[in-house]
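Biologist: Please take a close look at one part of this model for me, the inside of the fold, and walk me through what surrounds it as you go. I'd like one connected account that I can follow with the structure open on my screen.

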Amino acid sequence: DAAAVGFEDHDCKSQSKSITKQLNTTFAIMVFKAHRSSIHADADAADATISTIVDHTNKKNDMSGNIDSQAADADATISTIVNHTDKKNGMSDNIDSIKAYFSTLDGKPDSFERFEEQFHMLIHPDVVVKSYQHDDMKYDDLIHLVKTHFIPKGCVSEVLEVIDNGDGTLTSVVNNHLPGEDGDVTYQRAYFNDEGMVVKVITTSQFGDLVDRVEALPGRKEYTRIVDA
């Protein structure tokens, strides 16, 4: 009997050790799982934080992009306004130059000297004047016409209007008074380069007819003798 009791005590101790070992193992597993769960939770939280930071950064970048876009639009608008203002100022200067040019053809004794000065400032050396019923006229042709015929024969130009066509060109409405005539209105459309010089002129058919009639006029002295007679 004593031996049986000894075996039972030994079995109980063995079972107790086994249970304790199982409990320890189970506890360790539970602790590990809890720790792993905590790690996963921390990782999820970190991912969420990173995602929030990325979203915030993207929003800032988007806002920065919008600001840059708005700034670019503003710069483009300002540039357009400045260019438009410069063009308006440039056309205003061109209008003044056109008026000053024609004002020299007033029949006064110093008319050609004043005309020549304005002509060199306004008319480009490569200018071409195109008109119906007359050959194209160049730089030297225009000076010859004014110096040899228009001024010596008593012709006078009167600017009625200078029209801004809105495309960088100006149309001068000019009433040309020939001796013995009431007037001959021509329309002369001038094209300018970036320096404000006239590089091309397109006129109505009346201009070609006007040039022919001016060239056909007698000289001022001869014309005076005819009138006196």
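Modeller: Happy to! One term before we start: a residue is called buried when its relative accessible area is under 20%, exposed when that area is over 50%, and partly exposed in between. Please also keep in mind that this is a predicted model. Let's try the term on a residue: Arg213 has a relative accessibility of 25%, so Arg213 is partly exposed. For the protein as a whole, 25% of its 229 residues count as buried.

Now the layout, so that the names make sense. The protein has five helices and six strands, and from the N terminus on they follow the order α-α-β-β-α-β-β-β-β-α-α. Among the contacts between residues with a separation of 6 or more, 48% join residues 24 or more positions apart. With that in mind, let's go inside.

The largest nonpolar core has 35 residues, and the members that touch the most others are Phe119, Ile123 and Val198. Two or more residues each come from α1 (2-103), α2 (111-122), β1 (123-131), α3 (139-150), β4 (169-177), β5 (184-192), β6 (198-203) and α4 (205-216). Of these, α3 is the biggest contributor, with six residues. Ile123 is a good place to centre your view: leaving aside residues up to four places away in sequence, Ile123 touches Tyr101, Tyr139, Met197 and Val198. Two of these names are worth holding on to, as Val198 is itself among the core members with the most partners, and Tyr101 comes up again in the cavity.

That cavity is the next stop. The count comes to one cavity of 30 Å³ or more, and the largest cavity has a volume of about 340 Å³. It is lined by 23 residues, of which Tyr101, Phe102, Leu142, Gln188 and Phe207 lie closest to its centre. The elements α1, β1, α3, β4, β5, β6 and α4 each supply at least two residues of this lining. What is the lining made of, in terms of nonpolar, polar and charged residues? It divides into 19 nonpolar, four polar and no charged residues.

For charged residues, we can turn to the salt bridges, of which the structure holds six. Let's begin with Arg213, which we met above. The side chain of Arg213 meets that of Asp209 in a salt bridge of 3.1 Å, N to O. Both residues sit in helix α4, four residues apart, about one turn of the helix. Asp209 has a relative accessible area of 35%, so Asp209 is partly exposed as well. Elsewhere, Asp106, Asp110 and Arg114 are joined into one network by salt bridges that share partners. Within that network, the closest N and O atoms of Arg114 and Asp106 are 2.8 Å apart. Arg114 is partly exposed at 24% relative accessibility, and Asp106 is partly exposed at 26%.

A further bridge links Arg189 and Asp167, with 2.6 Å from N to O. Because Arg189 lies in strand β5 and Asp167 in the loop between β3 (156-164) and β4, this pair ties together parts that are 22 residues apart in sequence. Arg189 is partly exposed at 28% relative accessibility, as is Asp167 at 48%.

Two loop residues round off the tour. Glu195, in the loop between β5 and β6, is exposed, with a relative accessible area of 62%. Its C-alpha is 9.5 Å from that of Leu122, although the two residues are 73 apart in sequence. Is Lys153, by its relative accessibility, buried or exposed? Lys153 is in the loop between α3 and β3, and at 9% relative accessibility Lys153 counts as buried, because that value falls under 20%. The C-alpha atoms of Lys153 and Glu215 are separated by 9.0 Å, while the residues are 62 apart along the chain.

Note on methods:
Residues are numbered from 1 along each chain as its sequence is written. This is a predicted model: local features need pLDDT of at least 70, side-chain atom pairs count only at pLDDT 80 or more; totals for chains, interfaces and linings use all residues. Side-chain values use heavy atoms; hydrogens and water are left out. A nonpolar core is a set of buried Ala, Val, Leu, Ile, Met, Phe, Trp, Tyr and Cys residues joined through side-chain atoms within 4.5 Å. Buried means under 20% relative accessible area, exposed over 50%, partly exposed in between (1.4 Å probe, protein chains only). Contact means heavy atoms within 4.5 Å. A salt bridge is a side-chain nitrogen of Lys or Arg within 4 Å of a carboxyl oxygen of Asp or Glu. On a 1 Å grid over the protein atoms alone, a cavity is a set of points where a 1.4 Å probe fits but cannot get out, and a pocket is an open set with protein on both sides within 12 Å along at least five of seven lines; lining residues have an atom within 4 Å of a point. Grid points are joined across faces, edges and corners, and a volume is the space filled by probe spheres set on the points. Ala, Val, Leu, Ile, Met, Phe, Trp, Tyr, Cys and Pro count as nonpolar, Asp, Glu, Lys and Arg as charged, and the others, Gly among them, as polar.
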